Amino acid sequence: MKSLESNLVPHAAFKLLRQKRVETLNLTMAEYRHVVTGAEHYHLAAENTENVFLVAFRTVPVDSRGVAHILEHTTLCGSERYPVRDPFFMMHRRSLNTFMNALTSSDYTAYPFASQNRKDFFNLMDIYLDAVFFSRLDPLDFSQEGHRLEFEIPDDMESPLTFKGVVYNEMKGDASSPVSVLYDTFKKYLFPTTTYHHNSGGDPEQIPDLKYQDLLMFYKTHYHPSNAVFLTYGDIPVADHQSRIERNALAKFELLDKKIEVIPEKRYFAPVRVEESYAKDADPDNNGAAIRNQTHIVLGWLLGPNTELEELLKAHLLADVLLDTSASPLRRVLETTKLGASVSPLCGLEESNHEISFMCGIEGSNPEHADALETLVMDTLEELVQEGIPYERVDAVLHQLELHQREVGGDGLPHGLQLLLAGLPAAIHRGDPFGMLDLDPVLERLREEIKAPDFISTLIKDLLVDNPHRVRLTLKPDAALPERRAHAELTKLAAIKANLTADQKQEIVKLSARLQARQNQVEDADILPRVGLEDIPAEKQLPAGTANKLDDGRVATYYSVGTNGLSYQQLITALPRIPSHLLRYLPIYTTVLTEIGSGGRDYLDTQHLQHSVTGGISAFSTLRGHIDDPSSVTGFVTLSGKALVRNQQALTQLLWETWETVHFDESDRVRELIQQSRSRREAGITSNGHIYTMMAAGSGVSPVINLNHQLSGFAGLQSFREIDDSLEDKSSLESICKHLQDLHQHIRNSPNQFLLVADEDNRTDLLQCLNDSWCQAQRTAVEYRPFEIQPATKKIQQIWTTDTQINFCARAFKTVPESNQDSAALTVLGGVLTNGFLHRAIREQGGAYGAGAGHDSSNGVFRFYSYRDPRTIETLEDFDRSVQWLLNQELAHDKVEEAILGVISAIDAPGSPAGEARQAFHSGLFGRTPAYINRCRAAILAVEVADLKRVAASYLIPANANTAMLTHASMIKSFQDNGDYQVISI
């Protein structure tokens, strides 16, 4: 503790304003202000070697031309100290970072990174500080990252004009997602006058209107220390951070007398009801009729500022009481109404904007249901005002807030970054980030306030029923919109071209040539700092568990790690051989298992019990190939839950009841869950298009990928739709419930074991909980037949079509088992091809938002992909050209080192203590023990240039490629002369 306190002494250029210890997070928070510029610095001192840095600027756009977003991209394209074209992506290759990115929110732009290596951490800080405060903002970078005009054939002035640019294509992809369109449209009406009225990422129709000079002016006013917020986390002394910040940036600035802020929204005096459209292709079998059952209807209210912690938590409390589970009163109404197929993805509280909003609604509806839906929601709220909500339901929500406050994160995002991002909105709007992180004092006050019988009723009345700032949005499908949009773009480009002088046309040609020359220029990477292989630890330290035999002979593996008062429990069951007619229901089974009734309760009471005593329970299946043979597959079904230690006995009993007494006879509930799953999958197509296309391409190579494609990929979505569409027939629904029950019996009778993760002093009690709940009844011995899987034998040449303005491409090649000596070289090869060729050819020159290559070692598959890509055939050609690029040049070993750093950084990236324990255990189930992982790691560190060329020539043979693409049906004609593709509509 004393060392942490001494770490808070500031540099002379900063003044300490306050500090506060937060025991539940095991850290000390301190606030500082830079004496000259007024820049704010919030530091979270913790005994954690994964240090995090973030600098953010208040960015408040006044239109939807994407200035903040394009500036975020161009800022990272070179600076005064590092005048190379792409220091951000180059540092990805020269770093051991555990996180490195930049993001544009609706009212701020943030630049965060994290690293466990101090040398690396300060290297990245130098890059980031110079990038944001001394960016070059080259006009060519604006053309590449933002937008530009280019002839379809760059040097042919007679060919059609096109719009190009990375952000332009990124936002075309965003505009292809109905959920993104729904939120952006809703925001436009809920915020009629403030910055949230606009799309901070940029509207593709408006992005081409942004001028380079506008970008410069925005940078000068917004990217100044007086408008900046610094946030840091970890065990590095704050003075070390501040001396670097002062020396490399702030010492060169004075105070800027300009206050950038978001003003409060002007309030409506009466509700607003609007109807708009989104692009949706019509079913070709529909004969031109209106598209039915695809309309979104959402109601939303504008509440108070997000800087008032107590009011924010009350809003959270209200939203969770109304919507958090299927037992919540408003969610139950929305899930069971016949007005729509499922609950809207926008349901809940949006707190990232300066003023909070509450939203609820349905999807899969029709425009004529808007009045009825609004009446249903308002009547439900009025009824709740009159009747109130039982105290125990409100207390259960407070329990969830307490659990969330205690849980140590770090899975997905570094734990420190999660904390910084939680406090960032308050810092941006000049509130109290400390309060946002230290919830206990407010939770204690709320625990007393909720005892008043009318507490929730009053909140519902004040925040919702009597709040006139309400918007009802009906977003309906329009089959003609894609064609109108495409025609409008072509017309605009044709008009621009018609008005160009000969000199202007020539300038477009010259710009394309200058940009291409710059993209092909070999940069002097030596001006950038780096870490080397010598900075990598010799081995990765992995947690180890201890096996404990329960009273019935089953094994419970216990991992003793710091969980801050939480208990994690899992039942892991070996996946048996499953009849083919049941296998297609496996994703539905794992979704439904924890969402229906058990222990003699119906699903509503079970949901309430889960909410009251756990942090949630879930089920999932996992399949992996053997390290020596990827076609030999092992699988498991895991039932997982977490709880505060005081509730661990209740969690254990609930898991037992879910496994042993679950009943699948609540057919209406099963149907609701299938409809919700279908909606979620459909909404994620364009957000995860690269994952889906890689899965489709890999289905021709790997049996595991093929099964995942059939269950969770494009083919799985088709299966979900077929099942969902059959549910109108009551006998079909009953048949599916019977299939789920049969599937459960197959799995339930298989061998299983337990995983426990908690503090060491909880071991005895937790093991006793398992004995009390799981070992009382006699288990019937059933012959176990291991899971089997069909081989993947069909070569894939597929084009999948959907409603999208942008494309996704993927290729897959069969390689070797994970234990083969070539696997390490193939893993490093992915980084070399991405860094050395694909990034430049597909992202910088082709305009895609992302592209890369990598080796899926567990399945023996090498994959290429592109993400939000304006091209298709040209991208596939670039995949092939990347291999020839490698084979035909003398590759310096430092390029191999850079790729190795990226691989090792991913392997060594820490998670939460509980997450690392879970990952180590599950890896071991599939033969990936700590010793094996470190052997693979050592093999990666030993890869040489010759290894890369050998494996590339041996395995990445174009004739053996399996290819899948996701595009719009209108693009199909461009493939007619480029191969024999199977075209499938999603």
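**Aromatic pairs, helix packing and selected residues**

Phe88 is buried, and Tyr128 is buried as well. In this predicted model, these two residues form an aromatic pair that is classed as tilted, with 6.4 Å from centre to centre and 55 degrees between the planes of the rings. Phe88 belongs to helix α3 (residues 87-93) and Tyr128 to helix α4 (residues 118-133), so the pair ties together parts of the chain that are 40 residues apart in sequence. A further aromatic pair is formed by Tyr589 and Phe664, and this one is stacked, the ring centres being 6.3 Å apart and the planes 25 degrees apart. Tyr589 is located in helix α21 (residues 586-592), while Phe664 is located in the loop between α23 (648-661) and α24 (667-683), so that this pair ties together parts that are 75 residues apart in sequence. Tyr589 and Phe664 are both buried. When rings are paired by having their centres within 6.5 Å of each other, the count comes to 30 aromatic pairs.

Aromatic rings also appear beside charged side chains. The charged end of Lys252 is placed over the ring of Phe134, at 5.0 Å from the centre of that ring. In a similar way, Arg584 lies over the face of Tyr585, and here the distance to the ring centre is 5.6 Å.

The packing of helices was examined next. Two packed helices are described by the angle between their axes and by the distance between those axes. Helix α10 (residues 309-323) and helix α17 (residues 455-465) have axes that come within 10 Å and that cross at roughly 100 degrees. Angles of 65 to 115 degrees count as roughly perpendicular, and α10 and α17 are therefore roughly perpendicular to each other. On the side of α10, the contact is made by Lys314, Leu317, Leu318, Val321 and Leu322, and on the side of α17 by Phe455, Ile456, Leu459, Ile460, Leu463 and Leu464. Sorted by character, the residues of this contact between α10 and α17 comprise 10 nonpolar, no polar and one charged.

Helix α17 can be followed further through its buried residues, which are Phe455, Ile456, Ser457, Leu459, Ile460, Leu464 and Val465. These buried residues of α17 pack against α10, and also against β12 (295-305), β15 (355-365), α12 (370-387), α13 (391-406) and α16 (440-449).

A second helix pair is given by α26 (residues 703-712) and α27 (residues 714-725), which pack at an angle of about 35 degrees with their axes 4 Å apart. In this contact, His709, Gln710, Leu711 and Ser712 of α26 meet Phe714, Ala715 and Gly716 of α27. The residues of the contact of α26 with α27 divide into three nonpolar and four polar, with no charged residue.

Several individual residues bring together parts of the chain that are far apart in numbering. Leu140 is placed in helix α5 (residues 139-146) and is buried, its relative accessible area being 14%. Leu140 and Leu511 are 371 residues apart along the chain, whereas their C-alpha atoms are separated by 8.0 Å. With neighbours within four places in sequence left aside, Leu140 is in contact with Leu511, Arg514, Leu515 and Arg518. Gly915, found in helix α33 (residues 913-925), is likewise buried, with a relative accessible area of 10%. Gly915 and Asp411 are 504 residues apart in sequence, yet they lie 6.3 Å apart in space, from C-alpha to C-alpha. Ser177 is part of the loop between α6 (166-174) and α7 (178-190) and is buried, with a relative accessible area of 3%. If residues up to four places away in sequence are not counted, Ser177 touches Ala683, Thr686 and Ser687.

Finally, two asparagines were considered for their backbone angles. Asn26 has a positive phi of about 55 degrees, although Asn26 is not a glycine. This residue is situated in the loop between β1 (14-22) and β2 (27-34), and Asn26 is partly exposed, with a relative accessible area of 46%. Asn564, which is not a glycine either, has a positive phi of about 60 degrees. Asn564 is situated in the loop between β18 (555-560) and β19 (566-574). Since buried means under 20% relative accessible area and exposed over 50%, Asn564, at 24% relative accessibility, counts as partly exposed.

Notes: Residues are numbered from 1 along each chain as its sequence is written. This is a predicted model: local features need pLDDT of at least 70, side-chain atom pairs count only at pLDDT 80 or more; totals for chains, interfaces and linings use all residues. Side-chain values use heavy atoms; hydrogens and water are left out. Rings of Phe, Tyr and Trp (its six-membered ring) pair if their centres lie within 6.5 Å; planes under 30 degrees apart count as stacked, over 60 as edge-to-face and the rest as tilted. Buried means under 20% relative accessible area, exposed over 50%, partly exposed in between (1.4 Å probe, protein chains only). A charge sits over a ring if NZ of Lys or CZ of Arg is within 6 Å of the ring centre and within 35 degrees of the ring normal. Axes are lines fitted to C-alpha atoms, for helices over the stretch in contact, and angles run from 0 to 180 degrees between N-to-C directions. Angles under 35 degrees count as roughly parallel, over 145 as roughly antiparallel, 65 to 115 as roughly perpendicular and the rest as oblique. Contact means heavy atoms within 4.5 Å. Ala, Val, Leu, Ile, Met, Phe, Trp, Tyr, Cys and Pro count as nonpolar, Asp, Glu, Lys and Arg as charged, and the others, Gly among them, as polar.
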